[in-house]
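Trainee: Hi! Could we look through this one together, starting wherever you like?
Mentor: Happy to. Let's open it up.

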Amino acid sequence: MTFERYDYLVVGSGLAGLTFALRASEHVSVCVLTKAEITDSNTNWAQGGIAAAVGEADDWHLHEEDTLVAGAGLCDPTAVRFLVQQAPAAIEWLRGLGARFDLQLGREGGHSRNRIVHHADKTGWEVERVVSDAVRRNPKITVYENAFVTRLISTPEPRTVVGLTAHIADRGLKAFQGRATMLATGGAGMLYSRTTNPRVATADGIGLAKETGAEIRDMEFMQFHPTVLYNQQLQGFLVTEAMRGAGGTLRNHLGHRFMYDYDERLELAPRDIVARSVEREMQRLKTWCVYLDTTHLDSHSLQEEFPTIWEKLRKIGIQIERDWIPVTPGQHYSCGGIVTDLNGLTTVSGLYAAGEVASTGVHGANRLASNSLLEAMVFATSAAKFVQISAESTVEPIHPEQPKCVAESDAVRIRWTLQKCMSENVAVFRTNEGLRKAHETISELILEYDRLPEAPYSQYCLETANLLVAARIAVDGALARKENVGLHFNADLEASSQKSSVAERQLADGTPGQSV
Ligand SMILES: Cc1cc2nc3c(=O)[nH]c(=O)nc-3n(C[C@H](O)[C@H](O)[C@H](O)COP(=O)(O)OP(=O)(O)OC[C@H]3O[C@@H](n4cnc5c(N)ncnc54)[C@H](O)[C@@H]3O)c2cc1C
């Protein structure tokens, strides 16, 4: 097998990967490998928008403060400042590529100002459209679609990543060599039975990075979105937070606006708090969902601001100007990931990471709404600048052994068991017993995968193996964390007075909240 050579290799074609490719390609050759079609990504599905202090009554200090508050004391303040200061320039860059944004800035939970730059309720689609068009037009960038990256190639100590292997549809296994490799593989939604993420979100970057020895942290901070549609036909469909920003209210089935019982910021409290409140209300009343009520809002504005949601829900018989929308929490975003510095460099030389797979430190224990598209752009851009001056000269790579595949039917069963286990034990509320049980189940599944006979190549199997790696890291992180903070809430831990509200302490000891 010969090596195809490029200056930089990029794994993933969401906003992080394509921003890096565009920014780095000025003088060098870049190859983007992506496992489905170029637009198959979390990015393409993003609804609400991109946070940036561009409004008249706003400035980056306020955006910084809101980000730090949402992160519950665990953000890296330097990374946060860098993020919010770069935000207006990132928006301008997108506009320069042709992105169309609405004149009005939106509002979302945890933001003290209207600062969400958006394209109705399909901002991700608009953003992915302009970056993928620009990449297609760029002669310096080669794109392989349906190219599943199976392994990173690194030198022995001191470890340096010098290439990768990928399984390309209709062409089989190919090897690539590059002076730097950017992992931009997105999220880990497929760890759970109910997620807003597309099927490509299988934590591959976590598996690849772990195998190479890169540091990974904070995977226990899994963000659950409070308002995921509860409906069999449209599983996992997100009902954007911007709807609450526009005045939508949460009600239980009796019509009570229950956020009054949990947090004074009501529906616009940070996501972790709203998700816990929804979950608690469902447990208390033994219901499968709560409701988002937008019936009091202007029908014309609703249709104009949320055309996708309006249309999709209409098709399943819900008219949002007339009916309450049944919602429940669902996995949405992975706050932890591969540790990087401000330049996107991981702890392994030659290996960069950006976007949802990375942990830059900006999210701390809970991501502020609409900070992730921003993070993807800002840190991919700084990585692209840094890599030009720092990328090592190429060392001759060797072919790595390929990871093992098992029969697909076995992988289907293993993945299903894993999703059930994570959904039951490592979700919004956790307990010591549940976490220990999850640890045991995941260890057994890993052992079972290892013992099963080898089978021909299957992308589904390798994704499942990556999910197992990510699950174990998340559960170990949750077991090791000894305080309730942000998205990690273990009912067996004494709620710390500083980091959880009175309502949350009530949740820990099972007392229902009082109406105020
Ligand atoms: C429904 C929804 C709504 C959201 N709304 C918002 C919002 O309003 N604002 C906001 O800021 N954030 C939002 N988010 C989060 C945000 O969309 C993501 O965090 C962000 O898009 C991640 O970008 P990324 O480039 O890191 O990853 P992605 O966009 O997910 O791209 C990952 C890419 O990697 C590829 N890939 C993965 N593994 C491999 C492999 N082994 N080999 C090759 N390719 C691989 C995938 O195919 C994909 O192309 C939302 C997310 C969802 C799911």
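**Thr43 and its surroundings**

Mentor: Leaving aside neighbours within four places in sequence, Thr43 is in contact with Gly14, Leu15, Gly124, Trp125, Val127, Glu128 and Leu373. Keep in mind that this is a predicted model.

Trainee: Thanks! Which helix is Thr43 found in?
Mentor: Thr43 belongs to helix α2.

Trainee: And is Thr43 buried or exposed?
Mentor: Thr43 is buried, because its relative accessible area is 10% and the cut-off for buried is under 20%.

Trainee: There's a ligand in there too. How many residues surround the ligand?
Mentor: The ligand has 38 residues around it. Thr43 is among the closest, along with Gly48, Gly49, Glu356 and Ser372.

Trainee: Which helices and strands supply at least two residues each to the shell around the ligand?
Mentor: Those are α1 (15-24), α2 (42-45), β7 (147-154), β15 (325-334) and α11 (372-390).

Trainee: What lies 3.1 Å from a nitrogen atom of the ligand?
Mentor: That is a backbone N or O atom of Lys35. A polar backbone atom of Gly49 is 2.7 Å from a nitrogen atom of the ligand, and for a polar backbone atom of Val149 the distance to a ligand nitrogen is 3.0 Å.

Trainee: How much of the ligand's accessible area does the protein cover?
Mentor: On its own the ligand has 1,000 Å² of accessible area, and the protein covers 98% of that.

Trainee: New topic: helix α13. What span should α13 have, and how far apart are its end C-alpha atoms?
Mentor: Helix α13 has 20 residues, 432-451, so at 1.5 Å a residue it should span 28 Å. The end C-alpha atoms of α13 are 29 Å apart, which agrees.

Trainee: Which residues of α13 are buried?
Mentor: They are Gly434, Leu435, Ala438, Thr441, Ile442, Leu445, Ile446 and Tyr449. These buried residues cover an arc of only 140 degrees around the axis, so they sit on the same side of α13.

Trainee: Why would residues spaced like that point the same way?
Mentor: An α-helix has 3.6 residues a turn, so residues three or four places apart point the same way.

Trainee: What covers the buried side, and which residues are exposed on the other side?
Mentor: The cover over the buried residues of α13 includes α12 (408-425) and α14 (459-480). On the other side of α13, the exposed residues are Glu433, Arg436, Glu440, Asp450 and Arg451.

Trainee: Okay, backbone oddities now. Which residues does a cis peptide bond join?
Mentor: Glu157 and Pro158, with omega at about -10 degrees. Pro158 lies in the loop between β7 and β8 (161-168).

Trainee: Why is that worth pointing out?
Mentor: Most peptide bonds are trans, and most residues other than glycine have a negative phi. On the phi side, Asp170 has a positive value of about 70 degrees although it is not a glycine. Ser370, also not a glycine, has a positive phi of about 65 degrees.

Trainee: Where are Asp170 and Ser370 found?
Mentor: Asp170 is in the loop between β8 and β9 (172-177), while Ser370 is in the loop between β18 (358-359) and α11.

Trainee: Is each one buried or exposed?
Mentor: Asp170 is exposed, with a relative accessible area of 85%. Ser370 is buried, with a relative accessible area of 6%.

Terms used. Residues are numbered from 1 along each chain as its sequence is written. This is a predicted model: local features need pLDDT of at least 70, side-chain atom pairs count only at pLDDT 80 or more; totals for chains, interfaces and linings use all residues. Side-chain values use heavy atoms; hydrogens and water are left out. Helices (H or I, at least four residues) and strands (E, at least two) are DSSP runs, numbered from the N terminus. The expected span of a helix is 1.5 Å times one less than its number of residues. Buried means under 20% relative accessible area, exposed over 50%, partly exposed in between (1.4 Å probe, protein chains only). The arc is that of the directions from the helix axis to the C-beta atoms. Contact means heavy atoms within 4.5 Å. A residue is near a molecule or strand if one of its heavy atoms lies within 4 Å of it. A polar contact is a pair of N or O atoms within 3.5 Å; within protein, one must be able to donate a hydrogen and the other to accept it, and residues adjacent in sequence count only if both atoms are side-chain atoms. Accessible areas come from the Shrake-Rupley method with a 1.4 Å probe; for residues, only the protein chains shown count as cover.
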